[in-house]
Structures are given as structure tokens and as C-alpha cells.
Amino acid sequence: MRKVKWIFFVYVGIVAILTVGLGVSLSISQPRDPQTLYSVYLANLKSLDPAVCNDTVGSAIIANIYECLYGYEYPTKPYKLIPQLAAEMPKVSEDGLTYTIKLKKGVRFYDPQKRAFPDGIGPEMKASDVIHSWKRVANFHLASPNYSTIFQDKIVGLDDFYAYTEKAPKEKVDYDRPVEGLKALDDYTVEIKLVRPAPQLRFQLAHGGSSVVSRKASDLYGEGLNKHPVGTGPYVMTQYLEDQRIIFEANPAYRGRPDVDGFAKLKPEDRLPQIKRVQFDYFREQIPAWLLFQQKYYDLLANVPKESFNQAFNPDTQELWPEMKAKGIKLVKTPEASMYYIGFNFNDKIVGKNKPLRQAMSMAHNRERYIKVYRNGRGIAMNGPIPPGFETYDANYKNPYTTFNLPAARALMEQAIRINGGPIPPMTMLMGDTDSDTRQWAEYLVSEWKEIGLNIRPEYNTWARFQELVDARETQIYQLGWAADYPDEQTYLMLFYGKYAPVGGVNSCAYVNPKYDELYEKASVMEPGPERLKLYREMIAIINEDCFWIHSYCPVRFDLQYDWLSDYVFMDYGGGYRQFLTLDVKKRQEKMSHR
Amino acid sequence: MWAYIVRRILLTIPTVLGIVLLTFVLFTLVSKDPARAYAGKQANETTLRAIRHKMGLDKKPFFDLEGAREKHSIKAFFDTQFFDLLFFRFPQSMRYEDSVWHLLKTKGPVSLAIQVPAFLILLGLELAIALYVANHRGKTADVLVTTISILGMSIPALSIYLAAQWFFGAQLQIFPVAGWEGGFYAIQFAALPILCVIFSQLGWGARFYRTVVLDELGSDYVRTARAKGLPQREVMLTHVLRNVMIPVVTNTVAALPFLLLGALVLEHLFQIPGMGELIVQSIFNEDRSVVMGLVYLTSIAYCIALLLSDILYSVVDPRVSLR
Amino acid sequence: MSMMAPSISVVPDSDVAEISRSLWGDAWKRLSRRPSAMICMGIVAVYLLVGLASFLPVFDRKIEQAVADGYQGPSFKSFDRLLGTDIQGFPVIWRLLYGTRVALLITIFASVLSLGIGVTLGIVAGYFGGWIDDIITWLFTTVSSVPWILLMIAMVYALKGRMFPWFVIENRRPHFAWAEMDPTVMIILALGLTDWVGICRLIRGEVLKHRERDYVQAARAAGVGTGRILSRHILPNVFHLVIISFSLGAVAYVQAEVVLTFLGLGITGRPSWGRMIDDAKLELLRGVWWQAVAATAAIGILCLALNLLGDALRDALDPRLRGAD
């Protein structure tokens, strides 16, 4: 009996303590630092090692810590490439094969862990660090997806270095092994020798994968660099709780602005970053983030969840409701440099050989209705493969095949049936996800195509399986999107190049057209200019006519922020840019107090 | 008793081997190549090869004769996927770029912070309800509890969680809708999930312990105690409760691995960065080494917990023999 | 033993049938005296009928016929809008009814699979004993050591995205082809191949007892073939366990579908109750409750009926298994 009583009391005690703790915890709100910018991130991060990281969210996060040789001027659009760690734009030789790049002086690394360098402030960045960073990307054991996108088959001798690392054991990779195409002429000059001219290289040297890491830090941390970034950028990471929180603080060794060198004398008020501390909280779903944003816990939010759209915006005008504006919320709309499409497989017996069929399916797709009903109007109907923001994009262009026109589509279907030699059999459309958005997207398309007498079955796959099928060209119809890597149409036009059509290449519709290939080969080694633009336009016309993509829509971001924050402009390339924001601390405190 | 314990331990060995085999067959022989999930949109064969190497997928499945010959070492002969699994050498997680053990260390405590309080509160409530109801058999309270518990068992747990999240989180705004915070503020975020666990499992537990208590009430010693003239309260709290403790303790031991595993659905819905969410995310991201590692470790842990529970049972209750 | 003439059977088969018939008759009598059991049976029968009816092509058409332009609350004005519409304007009522098709497919086939495996292995292990018993015991101990939900997940995870030789009908010409497994088939396999342990253990224990009973000994002495003993003598005597397991297993399967779908491993191509609840997880926070409530009610009522029916069946068929109530 006594024992039972004892157990009972302990039990009641535990429950009481928990309840009291809960009460206390609920009544004390978490302390908030008035100087901190609070924001959210919505995708899980794989790696913070710039050599390995290739996802959009991760790249945007680490772009605050690391810098590339080149970057994009904020907030200029159309995008303008500027030297960042490089002192000037590259000097290209006559034949376009040798690039000579001067580096800024006095740029220093900083390690918030104070392990790589005793007081945190590291040595000056030298040409050897730059070359080391790129060799790291070409290390087989790091398994970097950036190697194939940035460096493979481009720089003299780097592919041999890759082959060497594959043979060498992981611990014994010798980074001092020379690579012919990567040379430090002196401490502040890098020389790159190319296998063939590559006018897009300057953009790729602004890609996060080519960020410069400290040789000393990378030797010390090894693969651990993915949790302990050591960079030259405006911020350093002081806390990282996976799937939970990232905290950035201003880098004490930062030179002040991206465009000056380390010895520049800047007035304190000109020095960036203005906001000394940034907190990113992780959310997997948008809805909780949106609820907390409304309670002013967060200063800015990337997108409003679809389900809550009407709560924030007037669905007819797509503008904020007056009461949202009264709260001090501002809306910034930005079309993204990406687009979604439905692709056809060139090798398929039915769709590959039947142009009227593809055109009819494209014409039966009511892009405007889809954007309105399923995306709450957050999109732009595409009239070609190139989204807004590129030079060749023309909003007023009327492409007959991207205009919703059922009678014309039905007329084309008659032709299609004739070409097919009989009615079109049921077809399958591959989708790259199984979530409800994807299912709704597929069901919408299927119902549209039913209108022109087609029977199409959606098949849902995991992303990995989907990629496998697309890469193996084992698809008939598939749905995919493409985000531009740099502000040059080439990032889209290469997707139709015949050399990339075989299994595994990026030409996922396996499209082969000798005329197109000829134009592409000519344009791909050309420096920017009106001549190249003309070639680009010709190529786009071919793509539109052959209709291997049903160009669907370009997503438009609806960024929300409170008015105590200076305008945040979303940039498609480069990422980061948090250092340019300013925070009106007083205004925020006032607004927060009468929440 | 010692003979029994030794025999019971020996009998666990083939089961553990069976688990190794099962995990290995499912994850290595049947499941597909996970490398592609990480490769991203422009991955080519070169990248895939490197990723496979990093994940240890280019190793031989069982024995590596070539490698042993090449390197002249017997160690290389066993440097294969099967033995990696057997000796807990899981490949590193591709999503977190971290070892499975380290993930266990960081995510485990989060799950425990929800599961342990929930389990304790639940156990107390279940026993209290069971004792009360068994004492008032056939009366309104009994019927009510039995009906509600069957109802609770019939409604999907997910629906209960959704309703609780909507009501307490979004409508009343007492608790945060989702998320997690370390340290002291954890209580605030753990409260709603704990409530959810209690809501969804109380029915089953109360019903289970009610049956146990009723079984005990029907036994001879209770009748003797009553005949002796002991008051009902005394009988319940000393005699019955002590005997009910045997299934309670054995159940608890068997539940331990599940406490660590957390509740997959619950953690996923409330975005709690614990073990359950880790498994779910690893499935979504095709992070095979984590899914494999956790299935394997949990099964082994469960096996050991069952062994302990059996041994404990035999210590507590001398009537038990092996069959 | 099999050399002996089978005609001298001590216990004629007809007698066994007689005994079991009266057992079933008794059970039915006991069951029919409980009105709650009869109501539950009626509910299950209604679900079964709806499930069978949902194979009609009209359902395939109705679930993808928009009756509104987006979310629309329930209204009594028309049958299509009785339970409101989802984000695409599709009628929830039809999708709910269609969901019984998936539920029916899963419960029936998964039960057949798991009970088939469990009963066969259980009888074989219990009857033959020896090393066969050792192997089967080892098998189910191993399988039961992996927590059920994890094993199920591992199974779906492993099967998902794999190619299997598959019987397909293309252009009215049936042939074998490599194809991916339909998610419904995958769930059925995952459930069936993991859930046989419980029934196997139960049957094995029961057969162990029956093996030593007089009538089995007598049949064996009389030279009745092993197969015949197992199918005509042993199986009828343990069959009531199968019935009870079936009704309780169905509850687990319907709920497992919800969990698997929520974890992204479940039904994709067609509406199911799990999918409706999964869709509702975000809708609910903005006040769209009808999908979640409808699907929860559909599952809740079915499982409640099955749970109560299972209890009643256990009481009626096997009083020894009955709890203290």
C-alpha cells in the first residue's frame, strides 16, 4: 500500500511539473532580438559545402557566406554581371580559349569556429585558394553534382584530374597535382585554359558551385566543411540546427561591399551588411509559416500557401486586401526565370512522329484557366520556351500553338489521326511526384485532352524514378520544369541540342533536328550581340513549330514583407543578397507592441 | 531460471540474423538505385558513379573475392554491403551528409521529449480508468469507456491529430500549430503532440488494462482477500495493482524502442525534427542508408527489449516456463 | 501409412462436417441474439454492396466531373454537392463512394494473402513439428521483430519504382511486359506479406493442441492421407480463428492505407479515403473541413462496425478466447 501511494505521488508530481512548465512556457513569449531579421526557409538542406550544394534553397543560403569570382549587381534587372572576388571582368584571348582573371586584394576568410584560424580571421585569399576550390569540385570522392554542370569537358586537364581522384584513395588525393588549364600566374592572377570556346563560362564563375573556399579550412575540416562553412562573404554562420534553424551574423572580416577590395576605406554607414544578425527557421509546410508571419513573427515570407491565398489577396485583382496592407504588409511580385512544360519523347512511336497531335494537345491546354484556378493567378502563360526576363522574350507575341483554341485543336486532331493511321491509342503521362498538387495538375491536363478525344493516363512516380525514366528516354509524355542557371537563353536552348539527345543527356525529349543543331553550334561559341540574338530567335521559332514542349506557365513569386524592411528584390541567380536589406528597428518595435 | 535465461538469449541469435537478412534483402537486393535522387537535374553518369561510390553502393553484395586478391587482405574480402550492415557500418546519409549514428544522437532526444511524457501520462490514465471501470463493471461509466475506446480505435489516428491541430492550434491558438524549439520552449511545442498521443491511444490502453484487471479480479487470491474482509479499495490498490504491474512492466519494456522511434505520422504532421520525421523525410528523399539503418536498429532494439521483457517476466512470475 | 486402404476411416468425414455444422449453427444462434452484432453486420454488408457497385463505370466518370469551380461547402440542393467539392470542384460524395472500391480491394486481397500465408504456415508448422516448425517459427519471430509499420514502409519502399513482369492488355492484345507495380497492388502486397504473423502464431498453437486429439490420431491410424487430415479435419477446427482475424485485420488494413498514403507511399492514381484525409491536412487549417470529415466518418463507421463485429464473432465462435467480459 505504501509503495502504491509513493508511485502515485511521484506520478502526480511529474504531471504537475509538466503542466506548470507548459503554463510558464506558454505565458513567456520567446525573447526576440530587436536587431535580428527573422525569416523562413522551406526546403531541407543537403549540404552547405559550396562544391556539393546544387539545390536552389541551399545555394541561396550559402551565397551569404561564400562568394564567387563574379556576381550579379543587386537589384539591377536585366541582370548585370559584376566582378565580386575578381578585380575585373576576365581578359579573353583572341581564340576564346584562355581567360586571365585578376583577383581582389586584401579579401580575408573568416571561421566562426575559430578552429582553422586562431582568432577567426584567416589569411588573404590568393589565386591558389581559387584553384583549390575548383579542384575540390573535381574530386571524385566529394561526388559533386556541380562538376558535370560547371567544369566537365571544359578545362584542359581537369577531367584527367577527376580520373586521377577516382583511382586515388579518399584520404590520399593530392590537390597539388598540377592541372594544365588552371594556373596561378601570381598570387592575384588566375589563368584558365579551355578545351573549346565557352562564352557562358563567366556566368558559370558566378554559380555557387565555383565559390572560393579557404585551402587551410578545407584541409582541416575535409568533408566537415558541409557543416562549418568558412567563407569571405558578408555573413558567417554561428548556429546550425538541422531541419530547424540557421543563424547568421555579420562577418567581422568582411570588406564591406562586394565591389570593393579588402583595403577600401569605407565609412561605417556604407559598410554592409546593415542587418547584423539573420535567423532562418525551417518549415516543411507553408501554412504554419504563413500563420506566424501574420502574427509578425517573421519579417518576410516567400510565398503564401495556395490554400490561404484568398485570405491574403483579392482573388480577382491579385492584390493584398486592404486590411493586410493596414497591417503594414507589402507585396512584391516577381516572375521567376523558370518555366513548366509538358514534354514529348521524340523517340515515341505515336507522339514523336505526329506534329499535328502535339500541336493540338498544346492548343487544348488552357493556360490562363489553370493559372487562375490552381495557382491563384500566380503565373504567366508561356508563349515559347523562354520565360520573361530574357532578351528574346516578347509578352505580346501570339504563338498560335500556345493559344487556347479548341476548334483548331480538333481540326488538327483529324490530321493527327490520319498520320497515325487510325485513332490515337491511350497514352501515359509521367509525373515526377505523388503529392496532391501534382495529382491535380495531371488530372487537369487529362480532362483538357479528353475534350479533343484523347485518353491519357497519368502515372505518378517518385522524383528519382521519374528522372531515371526520363533519362532512359522511356517516356511518352512527361511533365517537367526548368529553372535557368544564368541570364542567357542558352540555358534553355541547349535542352534541344541533338548532341544531348542520347540517353542520359539533358535533352530530355530526345529532340534531334540537324537544322537546329547547326544554328545551336554556331550560336554557342558566339559572344553576345545582335547576330547571336537573331540566331536565338530562329531557334525558338523551330522549337515553337515542332512543339516538343507544351510551354505551360512561368511561376510568379508573391513575396510578402513588412514595411519596416527595405524592399527585398528576388534575384534568380546568385542568391543571398540579405546584406542589402535594412531594418527599421524602431518601427518594428512599435508595430510589434500593439500586436 | 538461469537455464531459461541462457536459452532465451541463445534463441535470440537466429532472430537477429534473420533481421539482418530481411533488411539486407529488402534494401539492397530488392530496392532500386538511390543515387539518382541526389544527383539533381543535370546529373550524368560521371556524377552518378561518384555518388554510388560515396554511398558504398559500388561494393559487392556479399563477398569481395576480387578485392581481396587485389589488395591481398582478408579484410577487403568482407568489405561488402552485407557485412557493413551486420556490423552497423551504415553508409553516410546523403541528405544530411552525416552518419546515421550522429543523426540518432541529435534526433533521438527530440522524439523522447514527446514520447516519454506522453507514455507516462498515458500509462497513469489508462491504469486509473481501468481500475475504476473494472470496479464498476456494467455501469454507465464502464459502458461509456468501452464505447469511447472502441470509437477511438476505429477513427484513424491521423484524423484525431488533424482535428486537434486545427482546434487547439489554429482556432483557439493555445499551442503552436507546428514546429520545434530546443530547451525550455520545447514544452510549448511538445504539448499538443503529447495530447494527441494521449487522445489517440487512451482508448486502446484503457480497454486492454480493463481486461487485465478483470482477469485479476476473477482470480482466487482476490476472492480470498475479499473473503478475509479486506475493503475493496485495499484489494484493488495492493493486491490487484501489484499483479497488474507484471503486464505493465513487460509492456513498457517492449514499448521502449517505439518510444525512440517516435510516431511517424505525428512527427511528420507537427514537423517535429525527431526520429519519426527523420524516417519519413528519408523515405521522401530516398535516403536509403538512413531508412535501412533505422529499420535495422529498431528491429534489433525491439528484439533485445522483448528478450529483456521475457527475462523480467520470468523473474517476476515464477510460473512461466519456456513454451 | 498411405499404403493402407483409405476406406476404413474411423471418423467418417461426414461426421466432422456434422460437428462443424452444428458449431457454426450455434455460433449463428448466439450472434443473432445480439442486435448490435446484427446492425454491424448490416453496416458491413452496405459497405460491401457500395464497394461492389463502385466498380461501375459511372463512378469513374463522376469522380472527375467538376460540379463547381473550386471549394464549395456541402449543400442539400443536389446529390453531387451533398458533401461539397474539393479544390478542383470534383464532388466529394462520389470520391468518397469511389473510395470504398480501394478499401474493398485492399481489405479483401490483403486478407486473402495474409490469411493464406498465415494459415498454411501455421498448420504446417503445428502439424509436422520438428525442423519444419523450427524454420517457420524462426520466420515469424524474425518478421514480428521488425515493427509492423516499419516493415510495411520498408516493403513499399523496396517495391516502389521497381519493374516487374506484368500482364498487360494493350490494343486488346494481352501480353507480358515490364511495368511498374500499381500502387494498390503494392499496398496489398505490403500488407499481406507482413501481417500473416499473428494468425500464423495463433493457428500453430491451436493445431499443436489438435494434433494430439483423439480424432486426428484415429484418422492418422486409419491411414487417412496427410493432406486430407489437414484440410478436412484440422482446418475446419481452426477456421473460426480465420473469421475473427479477418474482421479485425480489415480494420488494420483500412487504417494502414491512410498512414501509407499520408507518408507518400500509398494510393496515387485514384481517389481513396487516405488520399482525402491527406489532401485535407492543409485544407483544414483554412476551414475546408468536409473532405476530412467525410473520409473520417466513412472509415470510422466501417471500422467501428468491424471492431464490434469482431468482438461479437469472437464471443460467438470461441468462448475460450473471450476476455473477462
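Two strands pair if DSSP finds at least two bridges between them. The legends below apply this to a predicted model.

**View 1. Four strands of chain A form an open sheet.** The strand order is β4-β5-β9-β8, and the pairing is antiparallel. Two strands, β4 (91-92) and β8 (182-186) of chain A, sit at the edges. Each of these edge strands pairs on one side only.

**View 2. Strands β8(A) and β9 (residues 189-193) of chain A are joined by four bridges.** The two strands run antiparallel. Among the residues in register, A:Lys183 has A:Glu191 of β9(A) as its bridge partner. Helix α3 (residues 127-137) of chain A packs on the sheet. There α3 touches both β8 and β9 of chain A. The direction of α3 makes about 175° with that of β8(A).

**View 3. In chain C, helix α9 (residues 214-221) meets helix α10 (residues 226-262).** Their axes come within 11 Å. The crossing angle is roughly 155°. Angles over 145 degrees count as roughly antiparallel, so α9(C) is roughly antiparallel to α10(C). The crossing of α9(C) and α10(C) is right-handed. From α9(C), the contact draws on C:Tyr215, C:Val216, C:Ala219 and C:Arg220. From α10(C) come C:Ile229, C:His233 and C:Ile234. By class, the residues of this helix contact are five nonpolar, one polar and one charged.

**View 4. Chain A meets chain B through 39 residues of A and 38 residues of B.** On the chain A side, the elements giving two or more residues are α1 (2-27), α4 (146-151), α8 (286-294) and α15 (463-471). Helix α1(A) gives the largest share, nine residues. The side of chain A that touches chain B holds 18 nonpolar, 15 polar and six charged residues.

**View 5. Chain B meets chain C through 39 residues of B and 38 residues of C.** Several helices of chain B each supply at least two residues to the side that touches chain C. They are α1 (2-30), α8 (140-154), α9 (157-171), α10 (186-217), α12 (232-261), α13 (264-270), α14 (275-284) and α15 (288-316). The largest share, eight residues, comes from α1(B). By class, the side of chain B that touches chain C has 28 nonpolar, nine polar and two charged residues.

Technical notes. Residues numbered from 1 in each chain as written. Chains lettered and ligands numbered in written order. Predicted model: local features only at pLDDT ≥ 70, side-chain atom pairs only at ≥ 80, totals over all residues. Contact = placed C-beta atoms within 7 Å. Nonpolar A, V, L, I, M, F, W, Y, C, P; charged D, E, K, R; others polar. Axes fitted to C-alpha atoms, helices over the stretch in contact; angles between N-to-C directions. Parallel < 35°, antiparallel > 145°, perpendicular 65-115°, else oblique. Left-handed = near helix turned anticlockwise from the far one by under 90°.
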